[in-house]
Amino acid sequence: TVIPITDLEKLNVLGHGNGGTVYKVQHKRTSEIYALKLVHGDSEPTVRRQVFREMEILRRTDSPHIVRCDGIYEMPSGDIAILMEYMDLGTLDTLLQRNGTFTESALADVARQVLSGLSYLHSHKIIHRDIKPSNLLVNNKMEVKISDFGVSKIMCRTLDACNSYVGTCAYMSPERFDPDAYGGNYNGYAGDIWSLGLTLFELYVGHFPFLPPGQRPDWATLMCAICFADPPSLPETASEEFRSFVECCLQKESSKRWTVAQLLSHPFVCKDPCL
Ligand code: ADP
Ligand code: MG
């Protein structure tokens, strides 16, 4: 059952993104609360493309650690909207601002849930490409869910490609069908792991790892630090297990970086004997 968009009442703004606005909305009859991401018809083509990408991904994902999509709307005016479950505690970024740094056990919980979401995405050949505290949503059950798929990439388009290019399909090279398996874009998935490592790091120390606290991130300094400096390591206060976990995520060479499956059995997230 699709909820008609006219049945939704805007309550307030939850966040502004690049181009779109996310509103807290209420279903007039059921009183159920949702989040609605709205992009105006007159917005830039790149912004529209991003929302369409996000719609395409949310439409096909179904995981307890990926934000649930409850409706997709394309209005005659050109406006586009995505209805999502409302995550009442906001993002990990807002939690950091509001409550300060996270404890290790809270972060182990975060890591476990984000890994579970990433495991779903990677096994469905989707790379998120924008994992960071402000794209990880939280609710009062302390469930953490991945959101914001505007710059994500779907690696395997075999079926789509075949359906839309019936005549030429037979002549497509292996890497066009499955770039992942044939080396077309080997490092794609590992990028999400790097971002997860930086995210946990930031939530533990309270500032972005490559910069001293309070420094405004200017793009050139940041790029130099990321490319030329050693990866940051956690302070001595962190446990051996946590330090090791972050180190596995922050391997500069992507082939040495651990995969989701490997990380899921790391002692930091898997205290009980892992199978
Ligand atoms: P953008 O691509 O513009 O960054 P996001 O999807 O990240 O868009 O949403 C922007 C902000 O809106 C988020 O950082 C968050 O604060 C808020 N938000 C987005 N989705 C939800 C949701 N389902 N529940 C609660 N808040 C949300
Ligand atoms: Mg975002």
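# Ligand shell, sheets and loops

Author: Sorting the shell around ligand 1 by residue type gives eight nonpolar, ten polar and three charged residues. Bear in mind that this is a predicted model.

Reader: Which residues are the closest to ligand 1, and how many surround it?

Author: A set of 21 residues surrounds ligand 1, and the closest are Gly 15, Gly 17, Val 22, Ala 35 and Asp 148. Two or more shell residues come from each of β1 (8–16), β3 (33–39), β5 and β6 (90–91).

Reader: What makes Gly 15 count as polar in that kind of tally?

Author: It's down to the classes used: Gly is put among the polar residues, so Gly 15 goes there too. Val 22 and Ala 35 go with the nonpolar residues because Val and Ala are on that list, and Asp 148 is charged because Asp is.

Reader: Let's go to Lys 37. Where does Lys 37 lie, and what does UniProt place there?

Author: Lys 37 belongs to strand β3. The UniProt record, an unreviewed entry, has the feature "binding site" at Lys 37.

Reader: Why does Lys 37 count as buried?

Author: Just set the count against the cut-off. Lys 37 has 25 C-beta neighbours inside 10 Å, and buried takes 20 or more, so Lys 37 counts as buried.

Reader: Which residues does Lys 37 touch, not counting those up to four places away in sequence?

Author: Its contacts are Gly 20, Val 22, Ala 81, Ile 82 and Met 84.

Reader: Now the five strands. In what order do they form the open sheet?

Author: The order is β1-β2-β3-β5-β4, with antiparallel pairing. In this sheet, β1 and β4 are the edge strands: each has a single partner strand, so one side of each has no neighbour in the sheet. On average, neighbouring strands are turned by 25 degrees against each other, direction ignored.

Reader: How do you know that β4 and β5 pair?

Author: Count the bridges. Strand β4 (residues 69–74) is joined to strand β5 (residues 80–85) by five bridges, while a pair needs at least two, so β4 and β5 pass. The two run antiparallel, and Ile 72 has Ile 82 as its bridge partner in β5.

Reader: And how many bridges join β2 to β3?

Author: Six bridges join strand β2 (residues 21–27) to β3, again running antiparallel. One to look at in the structure is Gln 26, whose bridge partner in β3 is Ile 33.

Reader: Which residue takes a positive phi in the hairpin of β4 and β5?

Author: That's Gly 78, with phi near 100 degrees; the hairpin has five residues between the strands.

Reader: Which helix lies across β3, β4 and β5?

Author: Helix α1 (residues 45–60) does, and α1 runs at about 40 degrees to β5.

Reader: There's an open sheet of three strands too. What makes β6 and β9 stand at the edges?

Author: The order there is β6-β8-β9, with antiparallel pairing. Both β6 and β9 (144–146) have a single partner strand, so one side of each is left without a neighbour in the sheet.

Reader: How do you know that β6 and β8 pair, with two bridges to go on?

Author: The cut-off is at least two, and β6 and strand β8 (residues 136–138) have two bridges, in the antiparallel sense. That meets the requirement, so β6 and β8 pair. Thr 91 stands opposite Leu 137 of β8. Helix α3 (residues 104–123) lies across β8 and β9, at about 35 degrees to β9.

Reader: What is the phi of Lys 125, and why does Lys 125 count as partly exposed?

Author: Phi of Lys 125 is near 60 degrees, a positive value in a residue other than glycine. Lys 125 is in the loop between α3 and β7 (126–127). With 18 C-beta neighbours inside 10 Å, Lys 125 falls short of the 20 for buried and is above the 12 for exposed, so it's partly exposed.

Reader: Why does Arg 129 count as partly exposed?

Author: Arg 129 has 14 C-beta neighbours inside 10 Å, and that also falls between the two cut-offs. Arg 129 is in the loop between β7 and β8, with a positive phi near 70 degrees.

Reader: What makes Ala 220 exposed?

Author: A count of 7 other C-beta atoms within 10 Å. Exposed means 12 or fewer, so Ala 220 is exposed. Its place is in helix α7 (residues 219–228).

Technical notes: Residues are numbered from 1 along each chain as its sequence is written. Chains are lettered from A and ligands numbered from 1 in the order in which they are written. This is a predicted model: local features need pLDDT of at least 70, side-chain atom pairs count only at pLDDT 80 or more; totals for chains, interfaces and linings use all residues. Helices (H or I, at least four residues) and strands (E, at least two) are DSSP runs, numbered from the N terminus. A residue is near a molecule or strand if its C-beta atom, placed from the backbone, lies within 6 Å of it. UniProt positions are given in the numbering used here, feature names are shortened, and annotations may be inferred rather than shown by experiment. Two residues are in contact if their C-beta atoms, placed from the backbone, lie within 7 Å. Axes are lines fitted to C-alpha atoms, for helices over the stretch in contact, and angles run from 0 to 180 degrees between N-to-C directions.
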